[in-house]
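Q: Please take a close look at the salt bridges of this model and at the parts of the chain that they join. I would then like the account to go on to the strands and helices around them.

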Amino acid sequence: MIITDTHTHLYSEAFDDDRNSMIQRAIEGGVSRFFIPAIDSAYTDAMLQLKKDFPDNIFLMMGLHPTHVNEKYLEELGHVDEMLLKEKFYAIGEIGIDLYWDKSTLESQKKAFKHQIKLAKKHKLPIVIHCRDAFDEIFEVLETEKSDDLFGIFHCFTGNLDQAKKAISYNMKLGIGGVVTFKNGKIDQFLNQIDLGHIVLETDSPYLAPAPYRGKRNESVYILKVLEKLSAIYNLPLETIAEITTENSKEVFKI
């Protein structure tokens, strides 16, 4: 059984004390494919080191996270441009709009999002979207950029059924993680109305640990709890959920 974690920040400082053993735990648990989103240039070296340490398991993305869009964001976008010419990346991410922390940067976030969507199209790569308190704003940008070469993953999907269908209409898979196990997560109430062909698994570790680990540091092996929840929701064996969601990830990332 091959399980794919389509979104995990394995370079995070939260793993500095046990990174290699934590990754090994996940591999032994059946999680053998890890897709690593970027945040900003400060983490690039750590991401590249991860790839060197686990060349058969680690697949990198490149991008500027919306919460790191600040007065130096054009410089950061230049770094993204540069890295895409230097190294192999499998997606532009995570990118998008976050209005939870700071609404004052909305216009800059939109510009950064659009710029990186165009980069993804140029390099024939998927995008991985971060959306927090910004569904309308995200959909507004996607509407202006929609085309056959726009595709990717709506990471950490927490919207309602209509928003799920709209995201899928823009050629996005839904990234489902620990939130699906939360009592107040709500997405478990309608997810069985979404074809499993539109779903990929993720942890977003070290964030959003699933029940029963909620509130603790998340790690990639905990994706097994997400897998178990989807098995119950879709009434399918764990192996079937793992196989279909891994195939979906291959469709997106082309590997």
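A: In this predicted model, a salt bridge joins the side chains of E251 and K173, with 3.3 Å from N to O. E251 belongs to helix α8 (residues 238-253) and K173 to strand β7 (residues 172-176), so the pair ties together parts that are 78 residues apart in sequence. The two partners differ in burial: E251 is partly exposed, with a relative accessible area of 48%, whereas K173 is buried, with a relative accessible area of 9%.

A second salt bridge is formed by the side chains of D18 and R217, at 2.9 Å from N to O. Here D18 is in the loop between β1 and α1 (19-28), and R217 is in the loop between β8 (199-201) and α7 (223-234); the pair therefore ties together parts that are 199 residues apart in sequence. D18 is partly exposed, its relative accessible area being 22%. R217 is likewise partly exposed, with a value of 27%. The pair does not stand alone, as D18, R25, R217 and E219 are linked in a network of salt bridges.

The side chains of R19 and D16 also meet in a salt bridge, with 2.7 Å from N to O. R19 has 18% relative accessibility and therefore counts as buried, while D16, at 48%, counts as partly exposed. The count of salt bridges in the model comes to 15.

Strand β1 (residues 3-5) contains T4, a residue with polar contacts of its own. The relative accessibility of T4 is 2%, so this residue counts as buried. The side chain of T4 makes a polar contact with the side chain of R33 at 2.9 Å. Another polar contact, also given as 2.9 Å, links the side chain of T4 to the side chain of T246. With neighbours within four places in sequence left aside, the residues in contact with T4 are R33, F35, L201, I223, T246 and S249.

Burial is also the theme in strand β4 (residues 92-98). There, 7 of the 7 residues are buried, so the strand is largely enclosed by the rest of the structure. β4 pairs with strand β5 (residues 127-132) in the parallel sense, over 6 bridges. Within this pairing, I92 stands opposite I127 in β5. Between β4 and β5 the chain passes through helix α4 (residues 106-122), and the resulting β-α-β crossover is right-handed.

Helix α5 (residues 135-145) brings these elements together with others. Its buried residues are F135, I138, F139, V141, L142 and E145. Viewed down the axis of α5, the buried residues fall within an arc of 160°, so they line one face of the helix. An α-helix has 3.6 residues a turn, so residues three or four places apart point the same way. The buried residues of α5 pack against β4, α4 and β5, and also against β6 (152-154) and α6 (161-169). Both paired strands, β4 and β5, and the helix of their crossover, α4, are thus among the elements against which the buried residues of α5 pack.

Note on methods. Residues numbered from 1 in each chain as written. Predicted model: local features only at pLDDT ≥ 70, side-chain atom pairs only at ≥ 80, totals over all residues. Heavy atoms only, no water. Helix = DSSP H or I, 4+ residues; strand = E, 2+ residues; numbered from the N terminus. Buried < 20%, exposed > 50% of the residue type's maximum accessible area, 1.4 Å probe, protein only. Polar contact = N/O pair within 3.5 Å; in protein donor to acceptor, adjacent residues only side chain to side chain. Contact = heavy atoms within 4.5 Å. Pairing = 2+ DSSP bridges. Right-handed = clockwise from strand over helix to strand, strands pointing away. Arc of directions from axis to C-beta. Salt bridge = Lys/Arg side-chain N within 4 Å of Asp/Glu carboxyl O.
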